Amino acid sequence: MMADTDQTLHPADSSSTIEPPVRRRHYERHYAESVTVNARTEDVFSFADDFSELSSHMNKSSKMMMGGRMQISFDDGRGQRVGSHVQMTGRMMGFDLFLEEVVTERVPPRHKVWETVGSPTLLVIGNYRLGFDIASKGNSSDLRVFIEYDLPSSPRLRWLGNLLGSIYAKWCVRQMVKSARLRFIEQPSNR
């Protein structure tokens, strides 16, 4: 049995009212990756808040998608406000793919989360929660992109998820980080 936690998010402006608690579920697996870019947090947020920018890897044919691609459609909120919906449809290796996401948390210019609703029709992962955090670092910003996900619930696909789910999740997060890296010049590492 998985436990739920309640969490209250506070808007950036403390004079604003407190947002209602977000009911957060737990997922089986997770992955995160970060990058430091030469940009203000507001500019990085503006870029990452735009699904057509951050998720552009999904509508391009790729080896990871076995030549398939997803078409992205938006509601009036374009995925840029809490409650806004985004749908993706596509085809991969003869299978129809479908998912719907809803924005659950959005605190400009620092944080955004969206997660699947319903039962996505995917091959190697099931329901998921994706998001990013941005922190100011002088004249640059740290962007951290993360995914939390379940394996497919179907027994015939769960074995495939065990085999390829983590590879796909890492690819997806890395593509988002790469898009930010290409949009803004990356800071050299101090390692």
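Let me begin with the second largest pocket, which is lined by 20 residues, and of these Pro120, Leu122, Pro152, Ser153 and Ser154 are the ones that lie nearest its centre. The space in this pocket comes to about 300 Å³, and its lining draws on several parts of the chain, since S6, S7 and H3 each supply at least two of the residues. As a general point for those new to this kind of analysis, rolling a probe the size of a water molecule over the atoms shows where empty space is left. I should also say at once that what we are looking at is a predicted model, and please keep that in mind throughout.

Let me turn to the strands, because two of the elements I just named, S6 and S7, supply residues to that lining and also pair with each other in the antiparallel sense, over eight bridges. Within this pairing, Glu101 has Thr116 in S7 as its bridge partner, and the connection from S6 to S7 is a hairpin that runs through three residues. On the other side of the story, strand S5, residues 85–92, pairs with strand S6, residues 95–107, again in the antiparallel sense and over eight bridges. Here His85 finds its bridge partner in Val102 of S6. The hairpin of S5 and S6 has two residues between the strands, and in it Met93 takes a positive phi near 50°. When you look along these strands on the screen, it helps to remember that in a regular strand the side chains alternate between the two faces of the sheet.

Next come the charged side chains, and the general idea is that side chains of opposite charge can pair when their charged atoms come close. In this model the count comes to 12 salt bridges, and I will go through a few of them. In one, the side chains of Arg174 and Glu33 meet at 3.0 Å, N to O. Arg174 lies in helix H3 while Glu33 lies in strand S3, residues 29–37, so this pair ties together parts that are 141 residues apart in sequence. As for its surroundings, Arg174 counts as partly exposed, at 41% relative accessibility.

A second salt bridge joins Lys112 to Asp49, with the closest N and O atoms 2.7 Å apart. Lys112 belongs to strand S7, residues 111–121, and Asp49 to the loop between H1 and helix H2, residues 51–54, so here the pair ties together parts that are 63 residues apart in sequence. Are these two residues buried or exposed? Lys112 is buried, because its relative accessible area is 1%, and Asp49 is buried as well, with a relative accessible area of 4%.

A third salt bridge is formed by Asp96 and Arg91, whose closest N and O atoms are 2.5 Å apart. In this case Asp96 counts as exposed, at 52% relative accessibility, whereas Arg91 counts as partly exposed, at 47%. Finally for this part, Arg40, Glu42 and Asp43 are linked in a network of salt bridges.

The last topic is the aromatic rings, where the count comes to six aromatic pairs. In one of them, Phe47 and Phe184 have ring centres 5.7 Å apart and planes at 85°, and because an angle over 60 degrees counts as edge-to-face, that is what we call this pair. Phe47 lies in helix H1, residues 41–48, and Phe184 in the segment after helix H3, residues 155–183, so the pair ties together parts that are 137 residues apart in sequence. Both Phe47 and Phe184 are buried.

What, then, is the arrangement of the rings of Tyr168 and Trp171? Their centres are 5.7 Å apart and their planes stand at 40°, so this pair is tilted. Tyr168 and Trp171 are three residues apart in helix H3, which means that about one helical turn separates them. Tyr168 counts as buried at 14% relative accessibility, and Trp171 is buried too, with a relative accessible area of 14%.

There is also an aromatic cluster, formed by Phe45, Phe51, Phe74, Trp114 and Phe132. One member of that cluster, Phe74, has the charged end of Arg78 sitting over its ring, 4.3 Å from the centre. Elsewhere in my list, Arg25 lies over the face of Tyr27, at 4.2 Å from the ring centre.

Conventions:
Residues are numbered from 1 along each chain as its sequence is written. This is a predicted model: local features need pLDDT of at least 70, side-chain atom pairs count only at pLDDT 80 or more; totals for chains, interfaces and linings use all residues. Side-chain values use heavy atoms; hydrogens and water are left out. Rings of Phe, Tyr and Trp (its six-membered ring) pair if their centres lie within 6.5 Å; planes under 30 degrees apart count as stacked, over 60 as edge-to-face and the rest as tilted. Helices (H or I, at least four residues) and strands (E, at least two) are DSSP runs, numbered from the N terminus. Buried means under 20% relative accessible area, exposed over 50%, partly exposed in between (1.4 Å probe, protein chains only). A charge sits over a ring if NZ of Lys or CZ of Arg is within 6 Å of the ring centre and within 35 degrees of the ring normal. A salt bridge is a side-chain nitrogen of Lys or Arg within 4 Å of a carboxyl oxygen of Asp or Glu. Two strands pair if DSSP finds at least two bridges between them. On a 1 Å grid over the protein atoms alone, a cavity is a set of points where a 1.4 Å probe fits but cannot get out, and a pocket is an open set with protein on both sides within 12 Å along at least five of seven lines; lining residues have an atom within 4 Å of a point. Grid points are joined across faces, edges and corners, and a volume is the space filled by probe spheres set on the points.
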